[in-house]
Amino acid sequence: MQKLLLLGDEAIAQGAIDAGMSGVFAYPGTPSTEITEYVQKSKEAKEKNIRSNWGANEKTAMEAAIGMSYAGKRAMVAMKHVGLNVAADAFINSAITGANGGLLIVAADDPSMHSSQNEQDSRFFGQFAMIPILEPSSQQEAYDMVHYGFELSETMGVPVMMRITTRLAHSRAGVDRKASKEQNEYHLPKDKYQYILLPAIARKQYKKLLGQQEDFEKASLEDSFNKYIDGEDKTRGIIACGLAYNYLMENYPDRIVPNPVLKLCQYPPPKEMVRKLYDECDSILVLEDGYPLIEADLKGMLNLGKTINGRLDGNLPRDGELNPNIVAKSLGMEVTRGENIPELVAGRPPSLCKGCSHIDSYKALNEAIAPYGDGRVFADIGCYTLGALPPYNAINSCVDMGASITMAKGASDAGMFPAVAVIGDSTFTHSGMTGLLDAINDNSPITVFIMDNSTTGMTGGQTSSALGKVDQICEGLGVDKEHIKVLKPLHKFHEENTAVVTEELAYKGLSVIIPRRECVQTLNKRMRAKFSAKKITV
Ligand SMILES: Cc1ncc(C[n+]2csc(CCOP(=O)(O)OP(=O)(O)O)c2C)c(N)n1
Ligand code: SF4
């Protein structure tokens, strides 16, 4: 069988292609983006006609995946952890409808917040939905789990979640491929009512889900991803969840741990294995990336008596991702791994690229707003968030995708004038449009900047759902055409751009300013591709 060197994200994508998936639905977000990008670039996926277009946001992606599963095909939906907040309504309800074709939800968590606003642990969401959760400890396992996850979803008739973290998503390892599976035939659910969540049906479906919990646990017990590995030193038993198992093993080059180890990669946790470890060992150490989910469960409200070590008692740091050194310390071992970073290597804080259109937009905004004083620019999430840093210091908030317009509206309702929102084109169609409608309906006197660089810049330049449509969307929603102003954010137009911004800030109604110039990174990419295509034809 073929062996490939793959990122964790790529292993998931290749696994899904090989497991007979008919479509991946997603909105970009680090560290999950490469899953969909891999499928988009795969020749095999193209030949198999696997769908892989970006959705407008994670909720639309989740719902499209539910629809594909309804039609009997295998569907995957991929998103970063905070994306699951956006998709949560559809996600939680999909546990009640159940699945027809295999439905796999990949949630990519970002402990240590390498590129996120928080480090929430998606296992809680899986537990909340009461569905099986898979958490791979290696790239190979990620690949294998996709096959297993689709099977489990179809045999149990429920969606299955896969939770990964940044390190697994973004590091490479050799992966053995399995034989490729045909896609499912189109077939509708046998139960015609299961997707109609009217209360009378939903109650029945919910009871069914409750009744399945034992089966899920049985699958966790009998499944090969969870393993009880005995050890002679019973002073301590170790529970190692997902990638933490890999970190543990890195400290034992011969892969023999003296203590009993429960490798936990599928949830709900198999109580029988946990009980055995608890009974046989004097104390338990829980290694888990993210929140102390298992540790808190084990301690319970009253604590059964034995010492349980982990993140809650300070044996491991309460926040941030784990690594082999942190695990070594918690085991009382000497930390010997890794090199110090040479002094020569300078830190590189993130910054807007040279020539970025956002720079010119902020220069105009800063100049026009200066007479009104600080603290009135509500921004959103994207490259333009870097406008918070010197020398621009242009924005005052960044909370969640879409929050800029609604926060500006709320502040304006409280008496702020002018109140400004700054949002990117992709974020605007992700979750800004509905907020703009609220502001239109209330005729809120706010000025909304939609920074149209014709791409989803921050996550690497994916096609934006807003491409070529921003003005029409604003007009269609009801913004007065007279107050939709398109600017060309270039240094040579600074004076006239500032004059337009000044005028709209003073306007006592809703106005939309659209600074439009392509992101220099996507422009470069496009030009390079065009140039190399020309070279080939010459
Ligand atoms: C709910 C959620 N989904 C995805 C992301 C990841 N993400 C951060 S910014 C961004 C979009 C940026 O695109 P755009 O708004 O066009 O601004 P640009 O970066 O191009 O300036 C995405 C997808 C996130 N932070 N939150
Ligand atoms: S990637 Fe594009 S949008 Fe982001 S900072 Fe660079 S030029 Fe600006």
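## Report on the predicted model

N497 lies in helix α18, residues 494-506; helices (DSSP runs of H or I, at least four residues) and strands (DSSP runs of E, at least two) are numbered from the N terminus. Residues are numbered from 1 along each chain as its sequence is written, and chains are lettered from A and ligands numbered from 1 in the order in which they are written. The model is predicted, with local features requiring pLDDT of at least 70 and side-chain atom pairs counted only at pLDDT 80 or more, while totals for chains, interfaces and linings use all residues; side-chain values use heavy atoms, and hydrogens and water are left out.

N497 has a relative accessible area of 7% and is therefore buried. The classes are buried (under 20% relative accessible area), exposed (over 50%) and partly exposed (in between), computed with a 1.4 Å probe on protein chains only. Leaving aside residues up to four places away in sequence, N497 touches A364, L487, K488, P489 and L490, where a contact means heavy atoms within 4.5 Å.

### Nonpolar cores

A nonpolar core is a set of buried Ala, Val, Leu, Ile, Met, Phe, Trp, Tyr and Cys residues joined through side-chain atoms within 4.5 Å. The largest one comprises 103 residues, and M76, I239, L248 and L287 have the most contacts inside it. The residues that M76 touches, not counting those up to four places away in sequence, are I12, A16, M21, G23, V24, F25, I35, A65, L104, V106 and F150. A second core is separate and has 46 residues, including A408, C474, I484 and L510.

### The six-stranded sheet

Strands of a sheet pair through backbone hydrogen bonds, in either a parallel or an antiparallel sense. Here two strands are taken as paired if DSSP finds at least two bridges between them. Six strands form an open sheet with mixed pairing, in the order β2-β3-β4-β6-β5-β11. Its edges are β2 (21-26) and β11 (266-267); each has a single partner strand, so one side of each is left without a neighbour in the sheet. Strand β5 (residues 133-134) runs antiparallel to β11 and is joined to it by two bridges. In one of these strands, β11, Y267 is the bridge partner of I133.

Two helices contact this sheet. Helix α2 (residues 33-41) packs on it, touching β2, β3 (74-80) and β4 (103-109), and its direction makes about 135° with that of β2. Helix α6 (residues 122-129) lies across β4, β5, β6 (160-165) and β11, and runs at about 170° to β6. The axes are lines fitted to C-alpha atoms, for helices over the stretch in contact, and angles run from 0 to 180 degrees between N-to-C directions.

### Strand β10 and its partners

Strand β10 (residues 261-264) directs V261 and K263 one way and L262 and L264 the other, and all are buried. Strand β8 (residues 227-229) pairs with β10 in the antiparallel sense over three bridges. Strand β9 (residues 236-241) runs parallel to β10 and is joined to it by four bridges. L262 is the bridge partner in β10 of Y228 and of I239.

### Ligand 1

Ligand 1 is surrounded by 25 residues, of which the closest are E58, H358, D425, T427 and G457; a residue is counted if one of its heavy atoms lies within 4 Å of the ligand. Polar contacts (pairs of N or O atoms within 3.5 Å; within protein, one must be able to donate a hydrogen and the other to accept it, and residues adjacent in sequence count only if both atoms are side-chain atoms) are tabulated below.

| Residue and atom | Partner | Distance |
|---|---|---|
| H358, polar side-chain atom | oxygen atom of ligand 1 | 2.8 Å |
| D425, polar side-chain atom | oxygen atom of ligand 1 | 2.8 Å |
| S426, backbone N or O atom | oxygen atom of ligand 1 | 3.0 Å |

### Backbone geometry

Most residues other than glycine have a negative phi, and most peptide bonds are trans. The peptide bond from P390 to P391 is cis, with omega near 5°, and P391 is in the loop between β14 (377-379) and α15 (403-413). N393 is found in the loop between β14 and α15 and has a positive phi of about 45° although it is not a glycine. With a relative accessibility of 52%, N393 counts as exposed.

F417 and P418 are joined by a cis peptide bond with omega about -10°; P418 lies in the loop between α15 and β15 (419-424). M130, in the loop between α6 and β5, has a positive phi near 65°.
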